[in-house]
Amino acid sequence: MSIRQQERRALTVEEARRLIETIRGDRLEALWVCALTVGLRRGELLGLSWSDVYR
């Protein structure tokens with residue numbers, strides 16, 4: 001059995017702006033902004049607590 005590799009690419013600046021505009025006011029907005037600006041992976045993001053993000 002082989003593992004299939006998926007090609008990934010970073011968002012363009014315009015795509016990131018549109019995403020931020022779309023998620024504005026969403027309850028997970030802070031999570032998405034962290035993902036975009038810090039570059040954490042899903043598991044790392046989900047392991048964060050508010051004290052890690054906001055002091």
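**Close-up views of a predicted model**

**View 1. Arg9 counts as exposed, with a relative accessibility of 59%, and pairs with Glu15 in a salt bridge.** Welcome to the first stop in this predicted model. The closest N and O atoms of Arg9 and Glu15 are 2.9 Å apart. Side chains of opposite charge can pair when their charged atoms come close. Arg9 earns the label exposed because its 59% is over the 50% cut-off.

**View 2. Glu15 of helix α1 has further neighbours to look at.** Setting aside residues up to four places away in sequence, Glu15 touches Arg9 and Ala10. The Glu15 side chain also reaches back to the main chain, coming to 2.8 Å from the backbone nitrogen of Thr12. For a sense of scale, the C-alpha atoms of Glu15 and Ser49 are separated by 27 Å, with their positions 34 residues apart along the chain.

**View 3. Arg41 and Glu44 form a salt bridge.** A search of the whole structure turns up two salt bridges: one joins Glu15 to Arg9, and the other joins Glu44 to Arg41. In the Arg41 and Glu44 pair, the closest N and O atoms are 2.9 Å apart. Are these two partners exposed or partly exposed? Arg41 is exposed, as its relative accessible area is 60%, whereas Glu44 is partly exposed at 33%. The value for Glu44 is 33%, so this residue falls between the 20% and 50% limits.

**View 4. Helix α1 (residues 13–23) and helix α2 (residues 29–38) have axes that come within 10 Å.** Their axes cross at roughly 170 degrees, which means that α1 is roughly antiparallel to α2. The reasoning is simple, because an angle over 145 degrees counts as roughly antiparallel. Which residues meet here? From α1 come Ala16, Leu19, Ile20 and Ile23, and from α2 come Glu29, Trp32, Val33 and Leu36. Sorted by type, the residues of this contact are seven nonpolar, one charged and no polar.

**View 5. Thr22 sits in helix α1 and is exposed.** Its relative accessible area is 65%. A polar atom of the Thr22 side chain lies 2.8 Å from the backbone oxygen of Arg18. Looking further afield, Thr22 and Ala35 are 13 residues apart along the chain, and their C-alpha atoms are separated by 15 Å.

**View 6. Leu31 belongs to helix α2 and is partly exposed.** Leu31 has a relative accessibility of 25%, so the residue lies between the limits of 20% for buried and 50% for exposed. How far apart in space are Leu31 and Arg42? The C-alpha to C-alpha distance is 9.7 Å, for a pair 11 residues apart in sequence.

**View 7. Tyr54 is found in the segment after α4 (50–53).** Here the side chain to pick out is an exposed one: the relative accessible area of Tyr54 is 64%. Tyr54 and Gln6 are 48 residues apart in sequence, and the C-alpha to C-alpha distance between them is 33 Å.

Notes:
Residues numbered from 1 in each chain as written. Predicted model: local features only at pLDDT ≥ 70, side-chain atom pairs only at ≥ 80, totals over all residues. Heavy atoms only, no water. Axes fitted to C-alpha atoms, helices over the stretch in contact; angles between N-to-C directions. Helix = DSSP H or I, 4+ residues; strand = E, 2+ residues; numbered from the N terminus. Parallel < 35°, antiparallel > 145°, perpendicular 65-115°, else oblique. Contact = heavy atoms within 4.5 Å. Nonpolar A, V, L, I, M, F, W, Y, C, P; charged D, E, K, R; others polar. Polar contact = N/O pair within 3.5 Å; in protein donor to acceptor, adjacent residues only side chain to side chain. Salt bridge = Lys/Arg side-chain N within 4 Å of Asp/Glu carboxyl O. Buried < 20%, exposed > 50% of the residue type's maximum accessible area, 1.4 Å probe, protein only.
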